[in-house]
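Biologist: Hi! I'm new to this one, could you walk me through it?
Modeller: Happy to, let's have a look together.

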Amino acid sequence: MTGLRDDPSDERGDERAQQLRAALSAVRERIARGCELAGRDPDEVTLVVVTKYFPAADVLSLHELGVRDFGENRDQEAGEKFAEVRRVLGEPGGDPLTLHFIGQLQTNKASHVAAYADVVQSVDRVKLVRALDRGAHQADRRLDVLLQVSLDGDTSRGGVTVEQVDDLAETVAGAERLTLRGVMAVAPLGADPDAAFARLREVADGIRARHPGAGWVSAGMSGDLEAALRHGATHLRVGTAILGSRPSLL
Ligand SMILES: *Cc1c(COP(=O)(O)O)cnc(C)c1O
């Protein structure tokens, strides 16, 4: 008998889905525990599952497990993968998902990203703000925007300096098609994540004082999500702890 169940590729798919289920539930437990220790309500924290380098099939398995927020960091990969995912899910009209673009973004790719991403978390310069606004206009869409903050002043991996973040916030707030939602940061390599995220919280508080709708704080990854929860993160970006290690050559 050759039923679907006997197809070896289907068995591999089942095994992967089981892996993802177990890893996702372990991360959800970490978040629940981290919130409890920080005296926070888990309902105010959004888990963004970072699926970069992993296939659409994994996104669909995670969607089936209730994940609705996904993160990607490369334009071409993200565009193709989520076009497929949305085709399978039957959007629009199907179950909605939110795609967060979290990677360094070249200005000339901005209009492409503006056509399919829902949130761009890595906005770090005025030229990019203008390009995203134009792209959103062309696509007749709106985009949610986070300002990526460089917490150690090293902007080589992206991010606006703490000194320049207020001006950038004003520019986003004035853009017709963009909604300023808050800030994002990656803890600097080798830095104490608690110190880094405490600093981010100060920056976030300053932005929110002027822009009351901008209360999102995207901080915390697989290795430091508990520290991020201690310092007010509203969005965690978790890849490895759920999907496994990414190919190291990429
Ligand atoms: C890849 C990536 C993540 C996920 O990191 P993990 O350590 O795999 O959880 C989070 N944020 C950004 C900006 C990333 O590029």
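Modeller: Let's start with ring pairs: rings of Phe, Tyr and Trp pair if their centres lie within 6.5 Å. Keep in mind that this is a predicted model.
Biologist: Thanks! By that rule, how many aromatic pairs are there?
Modeller: The count comes to 1 aromatic pair. The partners are phenylalanine 70 and phenylalanine 82, with 5.8 Å from centre to centre.
Biologist: And what is the angle between the planes?
Modeller: The planes are 55 degrees apart, and the pair of phenylalanine 70 and phenylalanine 82 is tilted.
Biologist: Where do the two rings sit in the chain?
Modeller: Phenylalanine 70 is in strand β2 and phenylalanine 82 in helix α3, 12 residues apart, and the pair links distant parts of the chain.
Biologist: Switching to the ligand, which pocket does it take up?
Modeller: The ligand occupies the largest pocket. Residues around the ligand include Val50, Lys52, Ile102 and Arg237. By class, that shell has 5 nonpolar, 3 polar and 3 charged residues.
Biologist: Which side chain has an N or O atom 2.5 Å from a ligand oxygen?
Modeller: Serine 222 has one at that distance, and so does threonine 240. For glycine 239, a polar backbone atom is 2.8 Å from a ligand oxygen.
Biologist: How much of the ligand does the protein bury?
Modeller: Taken alone, the ligand exposes 390 Å², and the protein buries 87% of that.

Methods: Residues are numbered from 1 along each chain as its sequence is written. This is a predicted model: local features need pLDDT of at least 70, side-chain atom pairs count only at pLDDT 80 or more; totals for chains, interfaces and linings use all residues. Side-chain values use heavy atoms; hydrogens and water are left out. A residue is near a molecule or strand if one of its heavy atoms lies within 4 Å of it. A polar contact is a pair of N or O atoms within 3.5 Å; within protein, one must be able to donate a hydrogen and the other to accept it, and residues adjacent in sequence count only if both atoms are side-chain atoms. Accessible areas come from the Shrake-Rupley method with a 1.4 Å probe; for residues, only the protein chains shown count as cover. On a 1 Å grid over the protein atoms alone, a cavity is a set of points where a 1.4 Å probe fits but cannot get out, and a pocket is an open set with protein on both sides within 12 Å along at least five of seven lines; lining residues have an atom within 4 Å of a point. A molecule sits in a cavity or pocket if more than half of its atoms lie within 2 Å of its grid points. Ala, Val, Leu, Ile, Met, Phe, Trp, Tyr, Cys and Pro count as nonpolar, Asp, Glu, Lys and Arg as charged, and the others, Gly among them, as polar. Rings of Phe, Tyr and Trp (its six-membered ring) pair if their centres lie within 6.5 Å; planes under 30 degrees apart count as stacked, over 60 as edge-to-face and the rest as tilted. Helices (H or I, at least four residues) and strands (E, at least two) are DSSP runs, numbered from the N terminus.
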